[in-house]
Amino acid sequence: MWRAAVLACALPLTCAAGAAAQGSGSAAGGVPLVVAVDTSRSLTPAQLAEVVTRLEETLPLLPEETGAGLLIFDDAPRWLVPLEASPARLAGALPGLRPQGEHTQLNDALFFAVRALEGGGVVLLVTDGRDEDSATTVDDIARRCEAQGVRILALGAGSRVDRRSLRRLALLSDGTYLGTVGEVAAPAIAGAVAAARTAVGVERDRLRPPPPALPAPQISTPPPPPPAVAESDGGRLESPEPSWRRPVVAGGGMLLAAALAFLLWRRRLKASRHCPRCGSELDAGGDCTYCAAEERRRRLEEVPVLAPGELQEVSDKTVLVDRLALDEQLEETRLLTQQLLLEVRERGAPPRLYALDDEHAVAIGRNAEGNTLFVPDPALSAHHLKIVPRGGGRYELLDLGSTNGTFVNGERRQLATLVAGDVVTAGHLELKLIASTDPLR
């Protein structure tokens with residue numbers, strides 16, 4: 001009895017799986033692919049050459065009828081090979097790629113690629129995950145992907161891959177973060193592309209409205225004959241249905257319902273461990289560290305920035321105390337507090353010392369516009385970092401999505417609370433926070 005029940009439950013599932021596997025190839029048909037490659041100087045020539053080699057190995061594994069396009073981005077996104085080309089044509093255009101430009105407009109490039117896939121598609125993104133100077137945000141990309149049915153497959157490149165950003169881009173588009181170029185082989189990348197194209201095709205077919213039904217022809221058919229019955233020797237009518245059929249069908253239905261309930265429970269459990277807003281994994285306390293960091297970053301970005309020339313330069317770190325009359329010194333209690341000073345060391349220039357402002361941030365970068373301190377260092381980004389006051393003599397560092405990063409005491413940081421003695425390095429620039437005793441009456 002139990003064997004019959006298992007067979008009755010497993011047979012429909014096996015047939016459904018076979019039908020899905022048989023239809024996967026047709027579902028992927030007509031689903032375009034955009035290969036978006038980071039060609040900014042955040043990748044070295046050797047690292048970009050590794051990307052080219054891996055893509056040259058991957059593209060020939062894709063079906064020849066795949067409609068594909070090659071998008072490159074640095075200071076701006078642009079088509080190197082327009083959509084609807086063959087994978088072989090994309091592979092032929094790859095050897096000419098070289099690092100160029102001054103920025104990495106990653107978000108703008110993704111938005112540009114998704115917008116071109118109006119009927120849905122897949123974007124294979126190859127980058128280090130670091131955006132700079134884009135006008136669009138990750139949320140803009142996520143909304144566009146959801147509206148158009150586009151999935152992002154993220155592949156890391158370079159020596160400093162921002163895996164968290166790439167995982168977020170993939171999660172928000174129902175895509176996959178594959179790993180880095182050195183970790184993933186070409187067949188695995190091609191398999192992920194095929195699976196994503198199939199998933200997009202299945203979803204597109206599901207949402208496509210059915211064709212209008214044609215009126216059924218009016219054909220008169222004779223009524224069906226009554227079901228055959230068998231007569232026993234005693235003249236009693238008996239049903240030809242076996243007695244075990246109904247219990248087997250009922251048992252199979254119960255097993256199938258239990259399996260579906262278990263899968264739904266697993267799915268809800270998995271979803272409960274991720275942030276509903278950004279898809280990142282929650283910490284032990286049930287909080288999203290990524291969303292908390294984004295909120296902290298938003299508050300820091302709202303602090304007004306000192307204009308060029310408004311930062312007060314001081315000659316040394318000694319703050320002079322106003323002389324008081326003897327009776328005033330005896331009657332009043334003087335409170336000594338620490339004020340942080342910023343020591344700036346540029347290559348080939350003597351160090352300079354500035355008094356940090358308690359209400360305005362200090363912006364530092366390569367561009368003269370929009371920065372409090374303009375430093376003509378080619379290793380700096382146009383708008384590289386800010387030092388932001390948080391009240392009570394506290395300051396925080398905010399990296400503005402720079403290409404080469406900002407380091408606090410040798411550790412790369414996006415956000416950091418600064419204390420006296422901390423050394424901040426950006427490009428060839430070195431910043432040091434020095435404490436000065438400032439008497440307040």
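**Group meeting: helices, strands and backbone angles in a predicted model**

I would like to begin with helix α4, which is mostly covered, since eight of its 11 residues are buried. The buried positions in α4 are Leu-106, Asn-107, Asp-108, Ala-109, Leu-110, Phe-111, Ala-113 and Val-114. I should say at once that what we have on the screen is a predicted model, and everything that follows should be heard with that in mind.

From α4 we can move to a helix that packs against it, namely α5, whose buried residues pack against α4 (106-116), β5 (150-156) and α6 (163-172). The buried residues in question are Val-138, Ile-141, Ala-142, Cys-145 and Gln-148 of α5. They cover an arc of only 150° around the axis, and that is why they can be placed on the same side of α5. As a reminder, an α-helix has 3.6 residues a turn, so residues three or four places apart point the same way. On the face of α5 turned away from the buried side we find the exposed residues Arg-143, Glu-146 and Ala-147. Following α5 comes Gly-149, and its phi is positive, near 70°.

Let me now turn to strand β4. If you go through β4 residue by residue, seven of its seven residues are buried, so the strand counts as mostly covered. How are the buried residues of β4 distributed over its faces? Gly-121, Val-123, Leu-125 and Thr-127 lie on one side, Val-122, Leu-124 and Val-126 lie on the other, and with all of them buried both faces of β4 are covered. In a regular strand, as you will recall, the side chains alternate between the two faces of the sheet.

As for the partners of β4, strand β1 (residues 33-38) is joined to β4 by five bridges, and the two run parallel, with Val-35 standing opposite Leu-124 in β4. The pairing of β4 with β5 is also in the parallel sense and extends over seven bridges, and here Val-123 stands opposite Ile-152 in β5.

There is a second sheet topic I would like to cover, further along the chain, where five strands form an open sheet in the order β13-β12-β14-β15-β18, with mixed pairing. The strands at the edges are β13 (373-374) and β18 (415-418), each of which has a single partner strand, so one side of each is left without a neighbour in the sheet. Going inward, β12 (residues 362-365) and β14 (residues 385-391) run antiparallel and are joined by three bridges, and Val-362 stands opposite Ile-387 in β14.

The next pair, β14 and β15, is antiparallel over six bridges, with Leu-385 opposite Asp-399 in β15. These two strands, β14 and β15, form a hairpin with two residues between them, and in the turn Gly-392 has a positive phi of about 70°. Strand β15 (residues 394-399) has five of its six residues buried, so it is largely enclosed by the rest of the structure. On to the edge, β15 and β18 pair in the antiparallel sense over four bridges, and Leu-398 stands opposite Leu-415 in β18.

Since some of you look closely at backbone torsions, let me mention two further positions. Most residues other than glycine have a negative phi, and most peptide bonds are trans. Against that background, Glu-84 has a positive phi of about 75° although it is not a glycine; Glu-84 is found in strand β3 (residues 77-85) and is exposed, with a relative accessible area of 63%. Asp-133, likewise not a glycine, has a positive phi of about 65°. Where does Asp-133 lie? Asp-133 is in the loop between β4 (121-127) and α5 (138-148), and Asp-133 is partly exposed, with a relative accessible area of 38%.

I will finish with one helix pair. The axes of α2 (residues 45-58) and α7 (residues 186-207) come within 8 Å and cross at roughly 65°, and α2 passes α7 in a right-handed crossing. The residues making the contact are Arg-54, Glu-57 and Thr-58 of α2, together with Ala-186, Ile-189 and Ala-190 of α7. Sorted by class, the contact of α2 with α7 has three nonpolar, one polar and two charged residues.

Terms used
Residues are numbered from 1 along each chain as its sequence is written. This is a predicted model: local features need pLDDT of at least 70, side-chain atom pairs count only at pLDDT 80 or more; totals for chains, interfaces and linings use all residues. Side-chain values use heavy atoms; hydrogens and water are left out. Axes are lines fitted to C-alpha atoms, for helices over the stretch in contact, and angles run from 0 to 180 degrees between N-to-C directions. A crossing is left-handed if the near helix is turned anticlockwise from the far one by less than a right angle, and right-handed if clockwise. Contact means heavy atoms within 4.5 Å. Ala, Val, Leu, Ile, Met, Phe, Trp, Tyr, Cys and Pro count as nonpolar, Asp, Glu, Lys and Arg as charged, and the others, Gly among them, as polar. Two strands pair if DSSP finds at least two bridges between them. Buried means under 20% relative accessible area, exposed over 50%, partly exposed in between (1.4 Å probe, protein chains only). The arc is that of the directions from the helix axis to the C-beta atoms.
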